[in-house]
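Subject: Structure handover and findings

Dear colleague,

I am passing the structure on to you here, with the sequence alongside. Below it I have set out what was found, so that you can follow each point in your own viewer.

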Amino acid sequence: MSASAEPSVDPGHLLRSLRVFVAEAAGPAEVDGGDPASDTAKGGNTDDAEALGWEEAGCLLWDVAALPDDAAFLLQHGLPAMLPPLLTAAAVRERWRALEIGLGTAANLACHDDARRQLVQLPDLPALLLERLLWVDDVGSLTEACRCAAALLAAGLDRQAADAWWTLVLREETLGRVVWIVENTLSTALLERALNLLACLVAAAGAAKASGDGSRARLVPLLTSLGLLPLLASVLHGWVVRLQAERRHFGGADSAGGSPAAQLEQGGAQAAQQQPEGGQQQAQQQGAAAAARGPAPHDAGGTGPRAVDAAAAAELEYDAESGGAVAAEISEPAAMEALALLEALAADVAGEAALNASALIKDALLRLTAEAELHSMQALAVSLLAGLEGVGPLLLEQPEALAAVLASLEAAAKARPGKRHRAEAKGQAATPAAVLSAEPRAEEVEAAWALCSAAAKAAGTEQAAEDSKEAIALLVAHTAVLCHDWSASPRALAIQMHQAYVLRRLMPLFGEQAGEPRAALARCEAGTAQAE
C-alpha cells in the first residue's frame with residue numbers, strides 16, 4: 001500500500017464522500033417517513049453536479065477501501081480513528097444501513113497491513129465490536145461485524161493488541177453469541193460469515209500455540225462445549241439434502257453431473273472447479289427477521305428454496321434432537337466454511353479428540369464424500385476422514401462413500417501426467433508452479449489411500465464379511481486402481497505403504513485373479529524397501 005500513489009477516483013470527490021458519510025450517516029434517524037438514503041449532505045460542495053447523499057458516499061468508501069492506493073489515501077486522512085464514534089452513534093440510533101456500511105468499510109480496510117495495524121490498536125474498537133456490535137438485531141450489520149472481526153483477528157497481532165482482543169474473544173458470552181448466530185440466523189450470508197469468523201479464530205489460536213503462546217488454548221474446548229460440532233454436522237447434512245433435492249428436481253444425476261459414486265459406474269469422477277464469488281457489493285436487505293439475542297424457534301419449514309422435499313430430508317436419517325440444526329438455507333460456501341472450520345479444529349489436540357468422538361461429524365463427512373460434486377469439497381472431506389479414528393467400519397456400512405473414494409483414485413490414476421512429470425521425462429527442470437500444483441493432488445491421493453487402508457482393515461474381520469459384502473465386493477472389483485503404479489507420485493512412499501497393506505489384507509479375496517495384485521504388492525514392497 002503506497003502512500004504516494006493516487007486513489008482510483010478523484011481525490012477531491014473521495015474527500016467529500018468521506019466528510020459527507022462521517023457527518024451525516026450517524027445522524028438522527030428519520031421520523032417522518034422519509035428515506036435516509038436520499039438525504040443530501042448539508043455541508044457538501046455546491047459545485048457538485050448532483051448533491052451527494054450519505055449512503056452513496058458511504059458505498060463509495062466501502063468499495064474503494066478494498067483497493068491499496070485508495071485505502072492509503074483514506075488512512076492519510078484519518079478514517080480509522082473516525083470509525084469507532086461513527087459506529088457507536090449508528091448503533092445507538094439504530095441507523096442499520098449506516099452501521100453496515102461503516103463495518104464493511106472497516107473490514108475492507110483491514111485487508112491491508114498498515115490499515116489493519118491502525119485499526120487493531122484503537123483502544124475502543126475491541127469492546128465496541130465484540131461486546132456491542134455483535135449483539136445488534138440487524139442481519140446486514142451482523143454479517144459485516146463478523147467479516148470485520150475475522151479480518152482483524154485472522155493474522156498475527158502484536159502482543160499488546162492481541163491481549164486486548166483475545167481477552168474478549170475468549171469470553172463464553174462472545175463465543176456463545178457467534179455459535180448462537182450459526183444456529184439461529186435465517187440469513188445464508190450471515191451463516192457463512194459467522195462460520196468464517198470461527199474458522200479464523202481457531203486458525204489464529206493454533207498459529208499462536210505453534211509460536212509458543214498457549215494463552216488461547218481454551219478456545220477449542222469452549223467452542224465444543226457450546227455445541228459447535230453438531231451444528232457443523234447439520235451444515236454438511238443440509239448441503240447433502242440440497243444436492244439430493246436438486247438432483248431429483250432437475251431429473252436425476254445426469255443434470256447435475258451426478259455424485260462421485262454414480263460417476264464411478266460411468267467411468268470415473270469429473271472434477272468440478274469452484275468459482276470464487278465477486279468482490280464486496282452492497283449487502284442485500286434480508287426479508288427474514290434478523291438474529292436476536294434470545295432463543296427463537298427454528299423456521300425450518302417455510303417456503304421457497306429453504307423447504308427441501310421431505311423425502312430428501314428423511315434419507316439423511318439425521319436426528320436434530322441429538323445435537324443442533326442450523327435454521328438457514330445451506331449454500332455451497334457455507335458448507336466449505338464448515339469444512340474449513342473442521343480442518344482448523346482437527347489441527348488442535350482437543351479439537352481432534354472431539355472430532356474423533358463425534359459420530360455426527362463422521363457421518364456427515366461420509367455422506368458429503370459420497371454426494372459432493374465439487375472436487376475441492378470432496379477432497380477436504382476425504383482428508384478430514386483420513387485423520388479420524390474408527391472410519392473403516394463406517395466406510396463398509398456406507399459403500400457409496402467408499403465408491404466415491406475409489407472414484408477419486410481412479411480419476412487420479414487415469415489423469416494425464418502433470419507438467420512436473422512431463423518435464424522430468426524430457427530431462428527438463430520442473431517449474432515451481434508445476435511442483436506446487438502436483439503436491440496437493442498427491443495429498444488427496446494419499447488421503448484416499450488412507451481410507452482404503454481403513455476399509456481393508458475393517459474388511460478383514462468376521463463381522464465385516466457378513467455385514468458388508470457390498471463394500472468388500474466393491475474393493476475387489478476395482479483391482480486395477482488398487483494395483484496402479486503410484487511410484488511417480490510426490491507422496492510415493494506413503495501411498496505405497498497404504499497400497500501394500502490393502503493388497504495384503506484383500507489378497508485372499510482375489511482368488512484366481514491374484515496375479516496382478518501379487519505383482520503390485522511386490523512392486524510396493526520393493527519401493528518401500530528401497531526408500532528405507
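In this predicted model, helix α1 (residues 11-24) and helix α4 (residues 79-92) have axes that come within 10 Å of each other and cross at roughly 20 degrees; because angles under 35 degrees count as roughly parallel, α1 and α4 are roughly parallel to each other. The crossing of these two helices is left-handed, and the contact is made by Leu18, Phe21 and Val22 on the α1 side and by Leu79, Met82 and Leu86 on the α4 side. By class, the residues of this contact are six nonpolar, with no polar and no charged ones.

A second helix pair can be described in the same terms. The axes of α2 (54-64) and α5 (96-109) come within 8 Å and cross at roughly 20 degrees, and α2 and α5 are therefore roughly parallel to each other. Here too the crossing is left-handed. From α2, the residues Trp54, Glu55, Gly58, Cys59, Leu61 and Trp62 meet Arg97, Ala98, Glu100, Ile101, Gly104, Thr105 and Asn108 of α5, and this contact of α2 with α5 divides into six nonpolar, four polar and three charged residues.

Helix α3 (residues 68-76) has Asp70, Ala71, Ala72, Phe73, Leu74 and Leu75 among its residues, and these are buried. The buried residues of α3 pack against α1, α2, α4, α5 and α6 (113-120), which includes the helices of both pairs described above. Just after α3 comes Gly78, which takes a positive phi of about 75 degrees.

Turning to the protein as a whole, its secondary structure comes to 29 helices and zero strands. Of its 532 residues, 48% count as buried, and among contacts with a separation of 6 or more, 80% are accounted for by residues 24 or more positions apart.

The largest nonpolar core holds 161 residues, of which Trp166, Leu232, Leu339, Leu342, Leu345 and Leu365 touch the most other members. Helix α11 (residues 188-210) gives the most to this core, with twelve residues. To take one of the core residues named above, Leu232 touches Leu195, Ala338, Leu341, Leu342, Leu345 and Ile361, when residues up to four places away in sequence are not counted.

Two loop positions may also interest you. Most residues other than glycine have a negative phi, whereas Glu94, which is not a glycine, has a positive phi of about 55 degrees. Glu94 is placed in the loop between α4 and α5 and is exposed, with a relative accessible area of 52%. The other position is Ala357, found in the loop between α18 (349-356) and α19 (359-371); because exposed means over 50% relative accessible area, Ala357 counts as exposed at 67% relative accessibility. Ala357 lies 33 residues from Gly390 in sequence, and the two are 9.7 Å apart in space, C-alpha to C-alpha.

With best regards

Terms used. Residues numbered from 1 in each chain as written. Predicted model: local features only at pLDDT ≥ 70, side-chain atom pairs only at ≥ 80, totals over all residues. Heavy atoms only, no water. Axes fitted to C-alpha atoms, helices over the stretch in contact; angles between N-to-C directions. Helix = DSSP H or I, 4+ residues; strand = E, 2+ residues; numbered from the N terminus. Parallel < 35°, antiparallel > 145°, perpendicular 65-115°, else oblique. Left-handed = near helix turned anticlockwise from the far one by under 90°. Contact = heavy atoms within 4.5 Å. Nonpolar A, V, L, I, M, F, W, Y, C, P; charged D, E, K, R; others polar. Core = buried A, V, L, I, M, F, W, Y, C linked by side-chain atoms within 4.5 Å. Buried < 20%, exposed > 50% of the residue type's maximum accessible area, 1.4 Å probe, protein only.
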